[in-house]
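I am opening a fresh page for a structure that I have not looked at before. My plan is to go from the whole chain to the metal site, and then to the strands around it.

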Amino acid sequence: MKNGLLFGTAGTPLSTENPQSTIKGIRRIRELGLDCMEMEFVRGVNMGENTARDVEQVAIENGIKLSAHAPYYINLNASDQQKLHDSRQRILQSARICAVCGASDVVLHAGFYLKNTPEKAYKTIAKQLTQLSDILRAANTNVTLRVEVSGKESQFGSLTEVLTLSTDIDGIAPCIDFAHQHAKGGKDNTYDEFVIILKRVEKRLGRHGLDNLHLHVSGVEYTDKGEKKHLNLRQSDFNYVDLLRALKDFDAKGRIICESPNLEEDAVLLKQTYMAMS
Ligand SMILES: [Zn+2]
């Protein structure tokens, strides 16, 4: 059976032998029967080019697809010019090292609304992302920037904003974080709601959008302000079975990155649950 969805972890699996490294993590992903891994540059891009070349080699040998998560400290809507400059550099640096690793996608949190209206923030962030995408393409850095759906109301990145950016700007695509989406109001947790989301993706991005999904999945604890913390799937109310069912019914393709605290345990659970569906 051909499997159009790939399953992996956000970062090196916990069961990777110590001292852990990206390379050992890739080998561990393979041992676990998983398919992909998202390198976590969330506290900074600390991988050199030589290591990146080795990472690419090991990923190819093991048939593991790579992506990366850019540093958390990014705000493309910052009014402080230094902060804006640093945010842009962090994205470019992540993308460049990804290209050396053979990683195809960089996930990023685009920023915060601060005192701006959502419309104003959208314009500012769209302009920045257009420039960044142009810079990368001019340098032949073949990496897709994936703007993540945010988990808090104060944070830029509603599903609508992310899909609109992906429609408006070449080189931008969505990272749909289903835990974040659910954490904003407690909805989006039934089969019918998942179907609505997938239909919205198809309407905006066409079949190509459904064939190239990049998803984050985990359990989540939330308050009326949104995401509080990630949970393991079975300790949460997140309806991952119906999400997988909807993805299967749409014959969706792409990657599911598991961000549960137990990482590979839930990634394997997701993959096995999906594979058992007919
Ligand atoms: Zn994220």
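I began with contacts, where a contact means heavy atoms within 4.5 Å. Of the contacts in the protein with a separation of 6 or more, 78% are made by residues 24 or more positions apart.

I noted what I was working with: this is a predicted model, in which local features need pLDDT of at least 70 and side-chain atom pairs count only at pLDDT 80 or more, while totals for chains, interfaces and linings use all residues. Residues are numbered from 1 along each chain as its sequence is written, and side-chain values use heavy atoms, with hydrogens and water left out.

**Whole chain.** I looked up helices (DSSP runs of H or I, at least four residues) and strands (runs of E, at least two), both numbered from the N terminus, and found 9 helices and 10 strands in the protein. The radius of gyration, taken over C-alpha atoms, is compared with a globule rule of 2.2 Å times the number of residues to the power 0.38. The protein has 18 Å where the rule gives 19 Å for 278 residues, so it is as compact as a globular protein of that length. Buried means under 20% relative accessible area, with a 1.4 Å probe and protein chains only, and 55% of the 278 residues count as buried.

**Metal site.** Which residues coordinate the zinc ion? I counted as donors N, O and S atoms within 2.8 Å of the metal (3.2 Å for Na, K and Ca), and since water is not among the atoms, sites may look incomplete. H69 and H109 each give NE2 and E148 gives OE twice, at 2.1 to 2.7 Å. Along the chain these donors follow the spacing H-x39-H-x38-E. H69 in strand β3 (residues 65-69) and E148 in strand β5 (residues 144-148) lie 79 residues apart, so I wrote the pair down as a link between distant parts of the chain. H69 is buried at 2% relative accessible area, and E148 is buried too, at 3%.

**Around β5.** In β5, 4 of the 5 residues are buried. I took two strands as paired if DSSP finds at least two bridges between them. Strand β4 (residues 105-108) runs parallel to β5 with 4 bridges, and β5 is joined in parallel to strand β6 (residues 172-177) by 4 bridges. R146 in β5 stands opposite V107, and its bridge partner in β6 is A173.

Methods: Buried means under 20% relative accessible area, exposed over 50%, partly exposed in between (1.4 Å probe, protein chains only).
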